[in-house]
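Open the model in your viewer and keep the sequence panel beside it. The stops below go one selection at a time.

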Amino acid sequence: MTHTDTLNATLAETHCAENAPALDAGAIDDLLGLLPGWAIIDGKLQSSFSFANYYQTIAFVNAIAWVSHQQDHHPDLMVSYKLCAVSYTTHSAAGELSLNDFICAAKVSALYVQRTAQ
């Protein structure tokens, strides 16, 4: 396990904080480096996940819904037959990015790895 993998796992084990403040550009760059496959597009933390079929896609969406409920931090999702696009910002931080976005992105990535390893 690399240092980045360890930090990503730690991020995925962290719980979202209520009213998380917006991050500065340096913190965003540092955290983005921990999340392979994620990018900042139009000020949002985004990634897409591919699946073999619709059932697997929807199972992943349902897993994201459960995590989102547990964390009280909800992404925007775009769902199609074999693809789920995930986008995060923080409403309580005026639509900017907060640590909560990166925590949840790490959790979503971990879900994807778990589901595709089966």
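Start with Phe102, which is found in helix α4. Helices (H or I, at least four residues) and strands (E, at least two) are DSSP runs, numbered from the N terminus. This is a predicted model: local features need pLDDT of at least 70, side-chain atom pairs count only at pLDDT 80 or more, and totals for chains, interfaces and linings use all residues. Residues are numbered from 1 along each chain as its sequence is written, and side-chain values use heavy atoms, with hydrogens and water left out.

Is Phe102 buried or exposed? Phe102 is buried, at a relative accessible area of 0%. Buried means under 20% relative accessible area, exposed over 50%, partly exposed in between (1.4 Å probe, protein chains only).

Now show what surrounds Phe102. Leaving aside neighbours within four places in sequence, Phe102 is in contact with Leu11, Leu23, Ile28, Leu31, Leu32, Leu35, Ile40, Leu45 and Leu97. Contact means heavy atoms within 4.5 Å. Add Thr10: its C-alpha atom is 11 Å from that of Phe102, although the two residues are 92 apart along the chain.

Next, select helix α3, residues 54-71. Put a distance between its end C-alpha atoms: they are 26 Å apart. That agrees with the expected span, because 18 residues at 1.5 Å a residue should give 26 Å. The expected span is 1.5 Å times one less than the number of residues.

Go to the N-terminal end of α3. Asn53 caps it, with a side-chain oxygen 3.1 Å from the backbone nitrogen of Tyr55. After the helix comes Asp72, whose phi is positive, near 55 degrees.

Colour the buried residues of α3: Thr57, Ala59, Phe60, Val61, Ala63, Ile64, Val67, Ser68 and Gln71. Their cover includes β2 (44-50), β3 (76-80), β4 (83-88) and α4 (99-116).

Move on to β4. Of its 6 residues, 5 are buried, so the strand is mostly covered. β4 pairs with β2 in the antiparallel sense over 6 bridges; two strands pair if DSSP finds at least two bridges between them. On this side, Phe49 stands opposite Cys84. β4 also pairs with β3, again antiparallel, over 5 bridges. A hairpin of 2 residues joins β3 to β4.

Finish at Ser87 in strand β4. Ser87 stands opposite Asp76. At 10% relative accessibility, Ser87 counts as buried. Not counting residues up to four places away in sequence, Ser87 touches Lys44, Leu45, Gln46, Pro75 and Asp76.

Note on methods: A polar contact is a pair of N or O atoms within 3.5 Å; within protein, one must be able to donate a hydrogen and the other to accept it, and residues adjacent in sequence count only if both atoms are side-chain atoms.
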